[in-house]
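Dear colleague,

I am handing over a structure that you have not worked with before. Please look at the sequence and the model together, and then read the notes placed after them.

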Amino acid sequence: MRFGRKQMKMGLVFLAIMVVSVLLAACGSSGSHSGDHSPNASAGSSQPGEQSASDRVIQDAMGHHVTIPANPQRIIASYLEDPLVALGVKPVAQWSVADGKTVQGYLQSELKGVPTISYNLPPEEVASFNPDLIVIGSPSSVQNGLYEAYSKIAPTYVLGDEINSDWRKTLLKMGELLDKKNEAEQLLKQYDQKAEALKAKLHQTIGDQSVAILWLTQKQFYVVDKTRSSGSVLYGDLGIKVPQYLSDLPSSSQATWSPVSLEKLAQLDADHIFLVKSDTEQTSEIFNNPIWKNLPAVKKGHVYEMSSDSSWLYSGLLAGQQVMEDVSKILANK
C-alpha cells in the first residue's frame, strides 16, 4: 500500500513537470512568430539607425522634422537658459559674450559650474561639449550652413522668432520639447498669480505714479521697450504707469533697448527710475550734470540702482520673478 502511494506521488510530480514544459514550449513558440509581439517591436527597443519608441518627432519653425531624444542629458540652448533652469534642467554649456567674461548673472546660482560657450555657437565649440540636443532661438542664427553643421552634431530644433520673442511661448515650447508641458503650464500659472498679487499691492502704495527703466553702459543711456524685458514686467504684468516720455516713443520690433541722449532724457517725467548700471568707469560727470539732477525722480530721491548682474536686462520666467521681487522690496512699501 505504501509503495502504491509513493508511485502515485511520483506520477503527480511527473505530470506537473510535463504541464510546465508544454506551457514553456508554447510561450517560446509564440515569441518566435513575427508580428507585434516580436522582440524588435517591443516598447523601448530599436535597431541601429531606427527611431526609439520613446523619442518624439517635432517640427520646428523652419520645417525640419526633428527627432527629440526621450531624455536628453546634454543640452545646449544658448540664451535660453532661463526656461531650461525654470524647468529644472541644467544645460551642458551656457551663453556668454566677451570671451566668457559676461554671462547671465542672475542665473549663476543655478548654473554654478556650467562652462561657458560663445554666444555665436561656433560648431567646433558646440561639438566639444558632445550635446544630445541643440535648441536655437532664431532662424537667423543658423544661416550660411550652420544648421547643417549643428544637425550633424546633434538633433537641432529652431524655435522661430515668433516664439523666441515671447518668453511665455518659449517656456511652453521648451516644456513640450522636454516632455514637461504640465510643469511649464503650472509655472506660468504661479507667475501670473504672483504678478496679480503684487499689482494689487502696488495700486495701494504708488497708485498712478510712473516708473522708468534706464540702462547705462559705456556712458550711454538706453531705455527699454515697453513690451520687452523688464519693461514687459513693469508695464504689462504689473500694470505700472508708463511715463509720458516713453509712451510717445514708438515701440520697436527689433531692439529691446534703444539709445537716448542725456539731453533727450530732460523730458523724462517719471516719478521713479530703476537704473541698471553696467559702467565701471567714472561716470560722475553724468550724474552731476544739471539735466540729470533736474529730473523729477532724481529730485525726489527716487532713483534705484540695479546691478548689471540682475535680471533687469533679460527676459524669462525667472528673470521676471526676480524683477518683481526687486519692485516689491522697493515700491510695495512706499
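The notes below deal with a pair of helices and then with a sheet.

This is a predicted model, in which local features need pLDDT of at least 70 and side-chain atom pairs count only at pLDDT 80 or more, while totals for chains, interfaces and linings use all residues. Residues are numbered from 1 along each chain as its sequence is written, and side-chain values use heavy atoms, with hydrogens and water left out.

Helices and strands are DSSP runs numbered from the N terminus (H or I, at least four residues, for helices; E, at least two, for strands). The axes of α7 (residues 181-205) and α14 (residues 317-331) come within 11 Å and cross at roughly 20°, the axes being lines fitted to C-alpha atoms, for helices over the stretch in contact, and the angles running from 0 to 180 degrees between N-to-C directions. The two helices α7 and α14 are therefore roughly parallel to each other (angles under 35 degrees count as such, over 145 as roughly antiparallel, 65 to 115 as roughly perpendicular and the rest as oblique). Among the residues that meet, with contact meaning heavy atoms within 4.5 Å, are Leu187, Tyr191 and Leu198 in α7 and Met324, Val327 and Leu331 in α14.

The open sheet has three strands in the order β3-β6-β7, with parallel pairing, where two strands pair if DSSP finds at least two bridges between them. Because β3 (75-76) and β7 (156-158) stand at the edges with a single partner strand each, one side of each is left without a neighbour in the sheet. Two bridges join β3 to β6 (residues 133-136), and Ile76 stands opposite Ile134 in β6. Helix α4 (residues 146-153) packs on the sheet, where α4 touches β6 and β7, and its direction makes about 140° with that of β7.

Best regards
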